[in-house]
Amino acid sequence: MLTPAPAQFGFEKSRQAFERACTLMPGGVNSPARAFGAVGGHPLFIQRGTGPFLVDIDGNHYLDYIGSWGPMILGHAHPVVIDAIQKAAEQGTSFGAPTGRESELAQLIIDAIPSVEKVRLVSSGTEATMSAIRLARGATGREKIVKFAGNYHGHADSLLVAAGSSAANLGVPDSPGVTSGTSRDTIVLDYNDTAAINRLFDEMGNQIAAVILEPVVGNMGLVLPDSQFLLTLRKRTEASGTVLIFDEVMTGFRVAYSGAQSRLGIKPDLTTLGKIVGGGLPLGAYGGRRDLMDHVLPAGKVFQAGTLSGNPLATAAGIATLKLLRDQSPYDYLEQQAQRLATGLSEAAQAAGVPHRMQRMGSMMTLFFIDEDVVDWPSAAKADRKKFAAYFWGLVRHGVYMPCSQFEALFFSATHTPEHIEYTIDAAKKVLATLSAT
Ligand code: KE4
């Protein structure tokens, strides 16, 4: 049984592995969020995960606060989830034909999220948001969509405009290759800017197919919605026949079993899901009002398809995960540990005299190195990225693996114990104390 400990074996094997990977794959990674671009140095190559821990190929082990960027709410290699995947794999890995597991997972999602009356399973969060946008455009016959700076919805062209997450980090919020024709139909506003919503809908509400947002933002760091902002969005979209899409790829089953929408009291027209819903295997979903979903082929005319959509292994992992979350409901435990962690990290920064803001919902949170509340991308962008990088690497050396970017939220699991949380706070105290001098 692993216990928290400093990274005592160095990082040489990871360095060599990264050097090799860079000769084979762009930037040596299969997703830029892992590239450590925002914190410098080279990424750590992981050998295995177990419960709250990751073990790298040099033999160091870390308390994991990325959790695969959200999915691992039950901890790594949960025995029930692994057993479900193994049993499914023994029966074959993909058939290109319907299976009962797809209906079982669809039922779990519909039972969990009242605004979801019908759902389509896909293989990633990107596919879910891309399809939801196409559905909104197909159902309304309109072309314009609205997103918010610093919100990240995956890498579909129409959404890769002023995007958050690694796009913001690596300075490509508007990626080369996204044509002006595509981005022309994407209107970008600042998150929490209620006045901008009213101005836009006064001017052209009846031309807007959809508004898509992270109801609680994880992708510029954790930013909470202003209640007036959400209420105005719901009111104005309803009045103008615009589809309101909550991108809950990150918050779904994370901040509550019924997602952020259940905590915020706002019912969207469509919801997109990913991460936890697949139990760590490739699975996403989009769903919502029946009258909208019945526009999707073959029920309707809006095309969307996928060879591995609703894949037997991914649905097995998703079903096992959602049943454990539904039946064991770790959310009160996660809330207690999250309150302690947030307070501990904030007090550590305070004691070190390091300007900061701690922003949190449930077991998602961000320690911003900034001396003002972060309410939108312009404020998030002012955070001290250098200080964050020093904090990140200091914690790595103490055996604590935080998200490798100031513009991400941390996540932890039901397998993180109070002792693990205290170890993390103690490590942060030591690291932050060294930062106050810089
Ligand atoms: P994927 O295509 O990466 O499964 O999901 C895209 C996506 C959509 N919507 C939200 C709110 C998301 O957070 C994401 C993906 N999140 C990032 C982390 N911030 C994934 C990490 C990565 O890109 O490697």
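This talk walks through one protein structure, from its domains to its cores, one helix and its salt bridges. Keep in mind that the model is predicted.

Let's start with the overall layout. The protein is divided into two parts: domain 1, which covers 6–64 + 330–435, and domain 2, which covers 79–327. Their C-alpha centres lie 26 Å apart. How many residues of each domain are in contact with the other? On the domain 1 side there are 29, and they meet 28 residues of domain 2.

Now the inside. The largest nonpolar core has 73 residues. Within this core, the residues with the most contacts are Ile-109, Phe-253, Leu-322, Tyr-391 and Phe-392. Which helix gives the largest share of this core? That is helix 12, residues 331–351, with eight residues. The core also draws on both domains, taking at least three residues from each of domain 1 and domain 2.

Take Phe-253 as a close-up. Leaving out residues up to four places away in sequence, Phe-253 touches a long list of partners. Among them are Ile-73, Ile-109, Ala-112, Leu-273, Leu-322 and Tyr-331. Two of those names, Ile-109 and Leu-322, you just heard as residues with the most contacts inside the core.

There is a second, separate core too. It has 28 residues, including Leu-189, Met-204, Phe-246 and Ala-383.

Next, helix 2. Helix 2 runs over residues 79–90, twelve residues in total. From first C-alpha to last it reaches 16 Å, close to the 16 Å expected at 1.5 Å a residue. Which residues of helix 2 are buried? Val-81, Ile-85 and Ala-88 are. These three cover an arc of only 65° around the axis, so they sit on the same side of helix 2. What covers them? The cover includes helix 3 (100–112) and helix 11 (312–328). Now turn to the face pointing away from the buried side. That face carries Pro-79 and Glu-90, both exposed. After the helix comes Gly-92, with a positive phi near 115°.

Helix 2 also holds a charged pair. Side chains of opposite charge can pair when their charged atoms come close. Here Asp-83 forms a salt bridge with Lys-87, and the closest N and O atoms are 2.8 Å apart. The two are four residues apart in helix 2, which means about one helical turn separates them. Are they buried or exposed? Neither label fits Asp-83, because at 34% relative accessibility this residue counts as partly exposed. Lys-87, at 47%, counts as partly exposed as well.

On to the other salt bridges. A search of the whole structure finds 18. Here are two that link separate stretches of the chain.

First up, Asp-185 and Lys-144. Their side chains meet at 3.2 Å, N to O. Asp-185 lies in the loop between helix 6 and strand 6, and Lys-144 lies in strand 5, so the pair ties together parts that are 41 residues apart in sequence. Both residues are buried.

Then Arg-357 and Asp-373. This salt bridge is 2.8 Å, N to O. Arg-357 is in strand 11, while Asp-373 is in the loop between strand 12 and helix 13, so this pair ties together parts 16 residues apart in sequence. Arg-357 is partly exposed, at 24% relative accessibility.

One last item: a network. Which residues does it link? Salt bridges join Arg-234, Glu-238, Asp-269, Arg-289 and Asp-291.

Technical notes. Residues numbered from 1 in each chain as written. Predicted model: local features only at pLDDT ≥ 70, side-chain atom pairs only at ≥ 80, totals over all residues. Heavy atoms only, no water. Expected span 1.5 Å × (residues − 1). Buried < 20%, exposed > 50% of the residue type's maximum accessible area, 1.4 Å probe, protein only. Arc of directions from axis to C-beta. Contact = heavy atoms within 4.5 Å. Core = buried A, V, L, I, M, F, W, Y, C linked by side-chain atoms within 4.5 Å. Domains from an automatic or database assignment. Salt bridge = Lys/Arg side-chain N within 4 Å of Asp/Glu carboxyl O.
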